[in-house]
Amino acid sequence: MDAIKLLGKRFQNNVQSGFNEMTAQQWIRLVIIVGAYMLLRPYLIKLGARSQMAAHEAAEQETQAKAEISPNQLRGQIDIPEDSDDEGEAATGEATGPDWGKNARKRQRTMIKKLLEAEERRLQESREEEEDKDIEEFLVKE
């Protein structure tokens with residue numbers, strides 16, 4: 001316990017005497033160093049973040065390059081080609097990776113299109129039948 005008090009007392013004395021015995025030139029030097037640090041710190045942090053991000057992306061690309069076989073290929077999934085009905089995207093026909101839901105969305109879109117077309121045909125036929133009944137009403141005289 002006495003050793004901790006002794007270290008604290010020595011630290012306090014050394015810091016206090018260090019600031020009390022500083023000359024004007026040393027104070028100016030200290031202010032310049034602290035000011036430069038405060039001005040440059042944000043830029044240094046941004047620079048460090050950029051270099052860290054670049055290193056992270058390089059490591060990520062390296063690990064992706066090492067993975068030559070995808071989990072879907074291990075499961076025995078066959079690549080099914082798809083028609084190029086995407087909204088501006090090039091169709092690759094692969095159902096691997098993060099695009100696994102692309103084919104499901106496309107199937108859903110085609111199913112909805114077919115249902116809408118069938119409903120439109122049904123409505124069109126019902127309209128034609130109504131028109132035919134109206135015309136028949138005027139043509140057939142009883």
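1. Leu30 is a useful residue to begin with in this predicted model, and its place is in helix α2. Its relative accessible area is 33%, and because buried means under 20% and exposed means over 50%, Leu30 counts as partly exposed.

2. Leu30 also belongs to a nonpolar patch on the surface, which covers about 810 Å² and is made by Phe11, Val15, Phe19, Trp27, Leu30, Val34, Tyr37 and Met38. Two helices, α1 (residues 2–20) and α2 (residues 24–66), each supply at least two residues of this patch, and the largest share, five residues, comes from α2, the helix in which Leu30 is found.

3. Turning to the overall fold, the protein has four helices and zero strands, so that a reader who follows the chain from the N terminus on will meet the elements in the order α-α-α-α. Of the contacts in the protein with a separation of 6 or more, 17% are accounted for by residues 24 or more positions apart.

4. As for burial and surface, buried residues make up 8% of the 142 residues in the protein. The accessible surface of the protein comes to about 13,400 Å², and 58% of that area belongs to carbon and sulfur atoms.

5. A different kind of surface patch, one of negative charge, is formed where Glu125, Glu128, Glu129, Glu130, Glu131, Asp132, Asp134, Glu136 and Glu137 gather. One of these residues, Glu131, can be placed in helix α4, which spans residues 102–139.

6. How many salt bridges does a search of the whole structure find? The search finds one, and it is formed by Arg122 with Glu119, whose closest N and O atoms are 2.6 Å apart. Side chains of opposite charge can pair when their charged atoms come close. Because a salt bridge requires a side-chain nitrogen of Lys or Arg within 4 Å of a carboxyl oxygen of Asp or Glu, the pair of Arg122 and Glu119, at 2.6 Å, is counted as one.

7. Where along the chain do Arg122 and Glu119 lie? Both are in helix α4, three residues apart, which is about one turn of the helix. Arg122 has a relative accessibility of 46% and therefore counts as partly exposed, and Glu119, with a relative accessibility of 36%, likewise counts as partly exposed.

Conventions. Residues numbered from 1 in each chain as written. Predicted model: local features only at pLDDT ≥ 70, side-chain atom pairs only at ≥ 80, totals over all residues. Heavy atoms only, no water. Patch = residues over 30% accessible without salt bridge, like charges linked within 9 Å, V, L, I, M, F, W, Y side chains within 5 Å. Areas by Shrake-Rupley, 256 points an atom, 1.4 Å probe, with all protein chains shown as cover. Lys, Arg positive; Asp, Glu negative; His and termini not counted. Charge placed at Lys NZ, Arg CZ, Asp CG, Glu CD. Buried < 20%, exposed > 50% of the residue type's maximum accessible area, 1.4 Å probe, protein only. Contact = heavy atoms within 4.5 Å.
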